[in-house]
Amino acid sequence: CYFICFYLDGSLSYIKGDYADLVQCTEPLPPTVIANSVTSTSISVQIESSDGNDLDSSSLEQKVGTSGSYSEVSTTMVSTLTGLSPGTEYYYRATLTANSLPSNYSEEVGACTYPDTPSFIDASSTCTDTTATVTWTALSTSFTGYKVRMIGDPEGWIDKLTSTSHQFTGLDPIKGYSFQLKSYYNCTPTS
């Protein structure tokens, strides 16, 4: 679109001097979307403009998984989206509007919420003098596996566990042991 600015001497009867300065209105460039600060139930998303236009508005859209449908979830440049499902892939895209003209969509950006944290059932009743079997409740949400470790063990995390128990061996019957457990989700968004 073009706006034509006329210089008038107070009357509409004639135009004097250079009668038109053209000002071009262009649609804004597509924005950049950044997804960060992920928890098991929230993702913070920021829309960045790489354009010098004064913006009228923004629109952030979200879909669940690669085959979901987009719907608008925010009209602000920075949003923390809550109430999301643990261990789930989400995808985002955005548009900007300047001078009543919408931009093209941003590139799609994906992020994954963390899976739930499993809870221990028991570690003490399944001990012998030299072994301890740690058991926990299976998760019902999306996850890839579990990681468990004996705190202070130089071996670190034992991961890629898909069962709900792990036996530690070679323990000293005089020492006390503590264990830590977490779940993980190998999520690689396709964007």
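The largest nonpolar core holds 14 residues, and those with the most contacts inside it are Val 33, Ile 43, Val 45, Leu 60 and Tyr 92. A nonpolar core here is a set of buried Ala, Val, Leu, Ile, Met, Phe, Trp, Tyr and Cys residues joined through side-chain atoms within 4.5 Å; buried means under 20% relative accessible area, exposed over 50%, and partly exposed in between, with a 1.4 Å probe and protein chains only. Strand 4, strand 8 (89–98) and strand 10 (109–112) are the elements giving two or more residues to this core, with strand 8 supplying the largest share, four residues. Tyr 92 has quite a list of contacts (heavy atoms within 4.5 Å): leaving aside residues up to four places away in sequence, its partners include Val 33, Ile 43, Val 45, Leu 60, Tyr 70, Leu 81, Leu 84 and Val 109. Glu 61, Gln 62, Glu 107 and Glu 108 are also among the residues that Tyr 92 touches. Apart from this core lies another, of twelve residues, among them Val 134, Met 150, Phe 179 and Leu 181.

All of this comes from a predicted model, in which local features need pLDDT of at least 70 and side-chain atom pairs count only at pLDDT 80 or more, while totals for chains, interfaces and linings use all residues. Residues are numbered from 1 along each chain as its sequence is written, and side-chain values use heavy atoms, with hydrogens and water left out.

As for the chain overall, the secondary structure comes to zero helices and 16 strands. Both kinds of element are DSSP runs numbered from the N terminus: helices are H or I with at least four residues, strands are E with at least two. Of the 191 residues in the chain, 32% are buried. Among contacts with a separation of 6 or more, 59% are between residues 24 or more positions apart.

One open sheet has three strands in the order 3-4-7, paired antiparallel; two strands pair if DSSP finds at least two bridges between them. Strand 3 (32–36) and strand 7 (78–82) are its edges, each pairing on one side only. From one strand to the next the twist averages 20°, taken between N-to-C directions of lines fitted to C-alpha atoms (for helices, over the stretch in contact), on a scale from 0 to 180 degrees. Strand 4 (residues 42–48) runs antiparallel to strand 7 and is joined to it by five bridges. Across that pairing, Ile 43 stands opposite Leu 81, and Ser 44 stands opposite Thr 80. Strand 7 itself has two faces: Ser 79 and Leu 81 make up the covered one, Val 78, Thr 80 and Thr 82 the uncovered one.

Another open sheet of three strands follows the order 14-13-16, again with antiparallel pairing. Here the edges are strand 14 (158–161) and strand 16 (179–184), each pairing on one side only. Strand 13 (residues 145–150) and strand 14 are held in the antiparallel sense by two bridges, and Tyr 146 stands opposite Leu 161 in strand 14.

Elsewhere, strand 12 and strand 15 pair antiparallel over four bridges, with His 166 in strand 15 as the bridge partner of Val 134. In a regular strand the side chains alternate between the two faces of the sheet. Strand 15 shows just that: His 166 and Phe 168 point to one face and are buried, whereas Ser 165 and Gln 167 point to the other and are not.

Turning to the rings, the structure has two aromatic pairs. Rings of Phe, Tyr and Trp (its six-membered ring) pair if their centres lie within 6.5 Å, and planes under 30 degrees apart count as stacked, over 60 as edge-to-face and the rest as tilted. Trp 136 and Tyr 146 are edge-to-face, 5.3 Å centre to centre with 65° between the planes. This pair links strand 12 (residues 132–136) with strand 13, its members being ten residues apart, and both Trp 136 and Tyr 146 are buried. Phe 168 and Phe 179 have ring centres 4.9 Å apart and planes at 35°, so that pair is tilted. Phe 168 lies in strand 15 (residues 165–168) and Phe 179 in strand 16, so parts eleven residues apart in sequence are tied together. Phe 168 is buried at 5% relative accessible area, and Phe 179 counts as buried at 15%.

Two lysines also sit over rings, meaning that NZ of Lys (or CZ of Arg) is within 6 Å of the ring centre and within 35 degrees of the ring normal. Lys 147 lies over the face of Tyr 184, 5.1 Å from the ring centre, and the charged end of Lys 182 sits over Trp 157, 4.5 Å from the centre of the ring.
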